[in-house]
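Please explain how this structure is put together, taking its strands, its ligand and its less usual backbone angles in turn.

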Amino acid sequence: MKNIIFIAPPAAGKGTQSTLVSEKYQIPHISTGDILREVMKEDSEIGEYVLETVTSGGLVKDEIMYTLIEKRLGEDDCKNGYILDGFPRNVEQAKKYDDILSRLGQELGYVIYLDIDEKLLAKRITGRRVCRDCGAIYNINVESESPQIESTCDVCGGDLYQRNDDNLESFQNRYQIYLEKTGPLIDYYDKKHVLYRIDGNKEIDVIFQEIVAVLEAHR
Ligand code: AMP
């Protein structure tokens, strides 16, 4: 399988779709948000910096991202393709990613862009809940994405929690940054003829089928 990058505004469902694609094609799902949420737990200067930046909805410094990404992509499980969820997030990072790919002898692959209405995002952001144990993602504001038992993971029975950046204030900041910094990536990858736009306003299963159709059609 070729490598896949997901581009989407916050809470559009890229984590959920990345997990589904990862299971179907047996390739790792690399979420920079998840990597940073681990770094945040460290009792160190960098841990504190990441916690502050992510909570406010800002972007973590590019240099830190390059180190984390190059280390992760150099691991053995990435040799047969991987899914990048959350990186690159601006054109600077995309250019650096091109360099990282050539150093690792990898190809760009597909860029999947989930296009979704802003109004729907605000609703999704306040309803998102994540399993503390297995990372499964739910949305209590969307009936088909709610857990069967309140605050409990359907998959493993773990506790569900709300990310500390999933509030409307942080969302406004993240969404503005998305439009300003991540938006130009759509053009950047379109010009390289690797961008596939998917309507992210539909149900999870329908979106997934559309992604699979794109991947299969361009293998
Ligand atoms: P996500 O889980 O993708 O929504 O990411 C959560 C937060 O992690 C973002 O709002 C940023 O603060 C930070 N983050 C994730 N990926 C990156 C990146 N590529 N560059 C800078 N900051 C990032």
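Helices, which are runs of at least four residues, and strands, which are runs of at least two, are taken from DSSP and numbered from the N terminus. The model itself is a predicted one, and with this naming in mind we can begin at its start.

Strand β1 covers residues 4-7, and both of its faces are covered, with Ile4 and Phe6 buried on one side and Ile5 and Ile7 buried on the other. This arrangement can be read with a simple rule in mind, namely that side chains in a regular strand alternate between the two faces of the sheet. Strand β1 also has two partners to consider. It is joined by three bridges to strand β3, residues 83-85, and these two strands run parallel, while four bridges pair β1 with strand β4, residues 110-115, again in the parallel sense. Ile5 takes part in both pairings, since its bridge partner in β3 is Leu84 and it stands opposite Val111 in β4.

A second group of strands forms an open sheet of three, in the order β6-β5-β7, and here the pairing is antiparallel. The edge strands are β6 and β7, each of which pairs on one side only. Strand β5, residues 128-131, has both faces covered, for Arg128 and Val130 on one side and Arg129 and Cys131 on the other are all buried. Three bridges connect β5 with β6, residues 137-139, and among the facing residues are Val130 with Ile137 and Arg128 with Asn139. The two strands form a hairpin with five residues between them, and Gly135 in the turn has a positive phi of about 80°. Toward β7, residues 160-161, strand β5 is paired over two bridges, and there Val130 stands opposite Tyr161.

We can now turn to the ligand. Which residues are closest to the ligand? They are Thr32, Gly58, Gly86, Arg89 and Gln93, out of 17 residues that surround the ligand. By class, this shell holds six nonpolar, five polar and six charged residues, and helix α2, residues 32-39, gives the most to it, with four residues. Several side chains come within reach of polar atoms of the ligand: an N or O atom in the side chain of Thr32 is 2.8 Å from a nitrogen atom of the ligand, an N or O atom in the side chain of Gln93 is 3.0 Å from a nitrogen atom of the ligand, and a polar side-chain atom of Arg37 lies 3.1 Å from an oxygen atom of the ligand. Taken alone, the ligand exposes 490 Å², and the protein buries 97% of that.

Polar contacts are also found within the protein itself. Thr53, which is found in helix α3, residues 45-56, has a side chain that reaches the backbone oxygen of Tyr49 at 2.7 Å. With a relative accessible area of 11%, Thr53 is buried, because buried means under 20%.

Aromatic rings offer another way to look at the interior. A pair of aromatic rings is described by the distance of the centres and the angle of the planes. In this structure the count comes to six aromatic pairs. In one of them, the rings of Tyr188 and Tyr189 have their centres 5.1 Å apart and their planes at 80°, so the pair is edge-to-face. Both of these tyrosines, Tyr188 and Tyr189, are buried. Elsewhere, ring pairs link Tyr66, Phe87 and Tyr97 into a cluster.

The last topic is the backbone. Most residues other than glycine have a negative phi, and most peptide bonds are trans. Against that background, the peptide bond from Phe87 to Pro88 is cis, with omega near -5°, and Pro88 has its place in the loop between β3 and α5. Ala11, in the loop between β1 and α1, has a positive phi near 70° although it is not a glycine. Gln26, in the loop between α1 and β2, likewise has a positive phi, near 55°. Are these two residues buried or exposed? Ala11 counts as buried, at 10% relative accessibility, whereas Gln26, at 66%, counts as exposed.

Methods:
Residues are numbered from 1 along each chain as its sequence is written. Side-chain values use heavy atoms; hydrogens and water are left out. Buried means under 20% relative accessible area, exposed over 50%, partly exposed in between (1.4 Å probe, protein chains only). Two strands pair if DSSP finds at least two bridges between them. A residue is near a molecule or strand if one of its heavy atoms lies within 4 Å of it. A polar contact is a pair of N or O atoms within 3.5 Å; within protein, one must be able to donate a hydrogen and the other to accept it, and residues adjacent in sequence count only if both atoms are side-chain atoms. Accessible areas come from the Shrake-Rupley method with a 1.4 Å probe; for residues, only the protein chains shown count as cover. Ala, Val, Leu, Ile, Met, Phe, Trp, Tyr, Cys and Pro count as nonpolar, Asp, Glu, Lys and Arg as charged, and the others, Gly among them, as polar. Rings of Phe, Tyr and Trp (its six-membered ring) pair if their centres lie within 6.5 Å; planes under 30 degrees apart count as stacked, over 60 as edge-to-face and the rest as tilted.
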